[in-house]
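I opened this model to look up confidence, helix lengths, the chain contact and the core. My notes follow in the order in which I checked things.

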Amino acid sequence: MNRSLVILIGALALGAAIFAGSFFCARHTTMSCCEQPADDLNWLRLEFHLSDADMARIRELHEGYLPKCAELCAKIAAAKRELETIVGTGTNLTAEAQAKLDEIAGLRAQCQAQMLEHFVAVSRAMPPEQGRRYLAEMKKLTLGEHEQMEHSMSGETGHEHQH
Amino acid sequence: MNSQDQQLQSLLRTARTAPVLPPRFQQDVWRRIEDAEASAKADSWLDALASLVLRPRFALAAAAVMFLTGVFTGTLEGRQLAQREAQMNYLAAVAPHAIR
């Protein structure tokens, strides 16, 4: 192979190695510097530039919300386990299984309503502009997944049914 | 030059056979010349670049640029990842996956 070509390929490889090494080191260092796993609310402070007073109000709301959320989640988990035992043995969807599904759906709806209420309360504890942004972001993150799934199932994402 | 020499020369001229050139001989010759020139140009371009790369000042500057670009993009990426992780932590606390 041509000597010049070998030199150029070697230089490119060395450059790529320097770039990759510095990239991964910097990424790792930044991630370990920025992460504070102990505090769930750290993201709010960083993303919405909240003051200590805002954070204190939000922390109070957050700590009040968590036990209620955990209680409903435990109920959902218990109902799901019961559903599994009901559905596990049979091959048909019995009335009992249907009732359990309705119960789970009701609990989920209750939990979602409580969650949205919490988001609204937190957004009110923030400065107005940040509160609006927070609420929009949380709706997108929590309700968006259902919307995406429903859109894809109903065929609204591009194709329409031929009648 | 005497008359015998002249006779000999004319005899030799008539005796010499003109070689039959292969078809498209001239075009092939020109093509070969062009190919040789093109190859020489490419080689010189690569050589120039290789000699530039081997210059210590250029090599050091290129390495510094690659290093700084890596640090800059890595820091940006790290910040974005850390922010995303913090967002996921918050989301996991307030909106468990079972209800999303």
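Confidence first, since the model is predicted. Among the elements of chain A, I find the highest mean pLDDT, 92, in α1(A) and the lowest, 77, in α5(A). For chain A as a whole I note an average pLDDT of 84, with 83% of the residues at 70 or above. I marked residues 157-163 of chain A, where pLDDT stays under 50. For that stretch the model has 4 contacts beyond four places in sequence.

Next I checked α1(A), which covers residues 3-34. Its 32 residues should span 46 Å at 1.5 Å a residue, and I read 46 Å between the end C-alpha atoms, so the two agree. I listed its buried residues as A:Ser4, A:Phe19, A:Ser22, A:Phe23, A:Ala26, A:Arg27 and A:Thr30.

Then I turned to chain B. I count 3 helices and 0 strands there, in the order α-α-α from the N terminus. Of its 100 residues, 9% are buried.

How far apart are the end C-alpha atoms of α3(B)? I get 56 Å, against an expected 57 Å for 39 residues at 1.5 Å each, so the helix agrees with that expectation. The buried residues of α3(B) are B:Met66, B:Gly70, B:Gly74, B:Gly78, B:Ala82, B:Ala86, B:Tyr90 and B:Val94.

I looked at the contact between the chains after that. Chain A puts 41 residues into it and chain B 35. On the chain B side, the elements giving two or more residues are α2 (25-54) and α3 (56-94). I assign the largest share of that side, 24 residues, to α3(B). Sorted by class, the chain B side holds 21 nonpolar, 9 polar and 5 charged residues.

Last, the largest nonpolar core. I count 22 residues in it, and those touching the most other members are A:Leu44, A:Val122, A:Met126 and B:Tyr90. At least two residues each come from α2 (42-48), α3 (52-89), α4 (95-124) and α5 (128-154) of chain A, and from α3 of chain B. I find that α4(A) gives the most, with 5 residues.

Which residues does B:Tyr90 touch, leaving out those up to four places away in sequence? I list A:Asp40, A:Leu41, A:Trp43 and A:Leu44. I had already entered B:Tyr90 among the buried residues of α3(B).

Conventions
Residues numbered from 1 in each chain as written. Chains lettered and ligands numbered in written order. Predicted model: local features only at pLDDT ≥ 70, side-chain atom pairs only at ≥ 80, totals over all residues. Contact = placed C-beta atoms within 7 Å. Helix = DSSP H or I, 4+ residues; strand = E, 2+ residues; numbered from the N terminus. Nonpolar A, V, L, I, M, F, W, Y, C, P; charged D, E, K, R; others polar. Buried ≥ 20, exposed ≤ 12 C-beta atoms within 10 Å, placed from the backbone. Core = buried A, V, L, I, M, F, W, Y, C linked by C-beta atoms within 7 Å. Expected span 1.5 Å × (residues − 1). pLDDT = per-residue confidence, 0-100.
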